[in-house]
Amino acid sequence: MDATGTEIRDEIDAANEDEAQTTIRQMGYFVTNIAEKKLAAGEVAKGAKRKRPFAMGGAKTKHICAFTRQLSILQDAGLPILRSLRILEQNQKPGKLKNSLMDVCDEIEGGATLSEAMGKSPKVFNRLYVNMIKAGEAGGALETILNRLADFLESSESLKRKVKGALIYPVIVVLVAIAILTFIMIAIVPTFETMFEEFGLTLPPPTQLLIAMSNYIAGYWFLLIAMPVCGLILIKLIKKFKQGRVGFDMFILRVPIFGALIEKNILARTTRTLGTLISSGVPIMEGLNITRETAGNAMFEKLYTKVAEQIREGEVISKPLAEHSTLGFHPMAAVFWALFGSFPGVMVMSVALTSKGSKLDKDGMVQTLTFMALYMILGGMVMCVLYYLTKIRGRVVDDLVVNMVDVGEETGELDTMLYKVADTYDEEVRIMTDSLTALMEPIMIVFLGLAVGFIVISLFMPLVELITGLT
């Protein structure tokens, strides 16, 4: 009956009779009689496992953000959790998230809690997500936790979008520059080469180098694609081993400009993660373990492991955070720096090796290129390793973070201080990204100017000699 006493007959989806009565009362009705509906022949029961559509890959972060925000709104409105999940699942497009929500609904109908059900879909709901839901269930504040979780995911996704958006322009400029230079090398330089051969000119070294590069790009263009791809595959294989991954992650943190951007991005993400977990009631040890798993960098994983070990022995967070944040020396990191320094020389060596047997080989240009490549390889390796040795005493967590964490522990406002650290580094990442985008334009203009200038000078030197001879 409704508030006026009028009798109403209707159907409602619920896991059991108790949940159905609770839902009906929340709708403002009084239950006089309730019974389970008998299914017609061939009709599938609501509790039966429904067929899942095929889905590849994982769920997109932006979809999980939207789902979390919508779930928090439905919980604020007082709807039962199962009904909220059913509503959101029906509104999802076919994919991994929809399939996982179907599984979560089935698990809850079977008697599992929300955190237990989500924990069985780790590819969609990670440990951070599941543990925050568990803390919300334990504290009876699921709506508040969902709001915090939605804020956290939206902040992380916003920062990721800013970084990706800022890199679109430089990537497009680089691709256009490569396309222009490739066209010049393939279509224009060979025409001049033919003309020089017809006149029998003695070509100066810059022109010989330009012709060698042109022949290399025209005849062995696939090597320009194969070598970087092979390098990436080699890095992937090395990273399969623990020491290889540690070395690469330490190497990437000290790459000029981009290393600082990656470091600040990781700091912003991990401090916000830890602050969100602590404010949600997750124990500090569990929070540190989850933060370590979401760091995405072996150096920071090692740092948070050391912090957790020291806390277990009774220390505060700030002390081990300062002691164990120094990079130190790692042999695999030195190997990566040596490979990085040798890359330009390897490219020149490939040009020399592919030019053997040509007219340039008869003129002695190939031998000159080979010696030049060897000097470039050795010099690049030595310079990069020396640069790395000057950076091994650097810290990935500066005094600002340590002092703010120390103040947070003293005042009992650790989560607030971690949020402030995250906000500070988010702003620094934004400023660095904007500066990098602004800097890329003049750098690319200078690079294109030098490249085109080298091509023009190399082609005009024999022309000047030809004109002089004709005069």
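## Burial and surface

In this predicted model, 39% of the 471 residues of the protein count as buried. The accessible surface comes to about 26100 Å², and carbon and sulfur atoms contribute 63% of that area.

## Overall architecture

The protein contains 19 helices and 0 strands. Its radius of gyration is 32 Å, well over the 23 Å given by the globule rule for 471 residues, so the protein is more spread out than a compact globule. Along the principal axes, the C-alpha atoms fill a box of roughly 115 × 60 × 35 Å.

Among contacts with a separation of 6 or more, 71% are between residues 24 or more positions apart.

## Confidence of the model

The mean pLDDT of the protein is 82, and 93% of the residues score at least 70. Among the elements, helix α10 (residues 242-252) has the highest mean pLDDT, 89, whereas helix α16 (residues 359-362) has the lowest, 65.

Over residues 39-48, pLDDT stays under 50. For this segment the model has 6 contacts beyond four places in sequence. Where pLDDT is low, predicted coordinates should not be read in detail.

## Helix α8

Helix α8 comprises 15 residues, 205-219. At 1.5 Å a residue it should span 21 Å, and its end C-alpha atoms are 21 Å apart, so the expected and modelled spans agree.

The buried residues of α8 are T207, Q208, L210, I211, A212, S214, Y216 and I217. An α-helix has 3.6 residues a turn, so residues three or four places apart point the same way. Within the buried set of α8, T207, L210, S214 and I217 are among the residues to inspect with this periodicity in mind.

## Two buried polar residues

E263 is located in helix α11 (residues 258-279). Its relative accessibility is 12%, under the 20% cut-off, and E263 therefore counts as buried. The side chain of E263 makes a polar contact of 3.0 Å with the side chain of R254. Beyond four places in sequence, E263 touches L253, R254, F300, R395 and V396.

S325 occupies the loop between α14 (318-323) and α15 (331-354). With a relative accessibility of 0%, S325 counts as buried. The side chain of S325 reaches the backbone oxygen of L321 at 3.3 Å. Leaving aside neighbours within four places in sequence, S325 is in contact with M299, L303, G394, R395, V396 and V397. R395 and V396 thus appear in the contact lists of both E263 and S325.

Methods: Residues numbered from 1 in each chain as written. Predicted model: local features only at pLDDT ≥ 70, side-chain atom pairs only at ≥ 80, totals over all residues. Heavy atoms only, no water. Helix = DSSP H or I, 4+ residues; strand = E, 2+ residues; numbered from the N terminus. Expected span 1.5 Å × (residues − 1). Buried < 20%, exposed > 50% of the residue type's maximum accessible area, 1.4 Å probe, protein only. pLDDT = per-residue confidence, 0-100. Contact = heavy atoms within 4.5 Å. Rg over C-alpha atoms; globule rule 2.2 N^0.38 Å. Areas by Shrake-Rupley, 256 points an atom, 1.4 Å probe, with all protein chains shown as cover. Polar contact = N/O pair within 3.5 Å; in protein donor to acceptor, adjacent residues only side chain to side chain.
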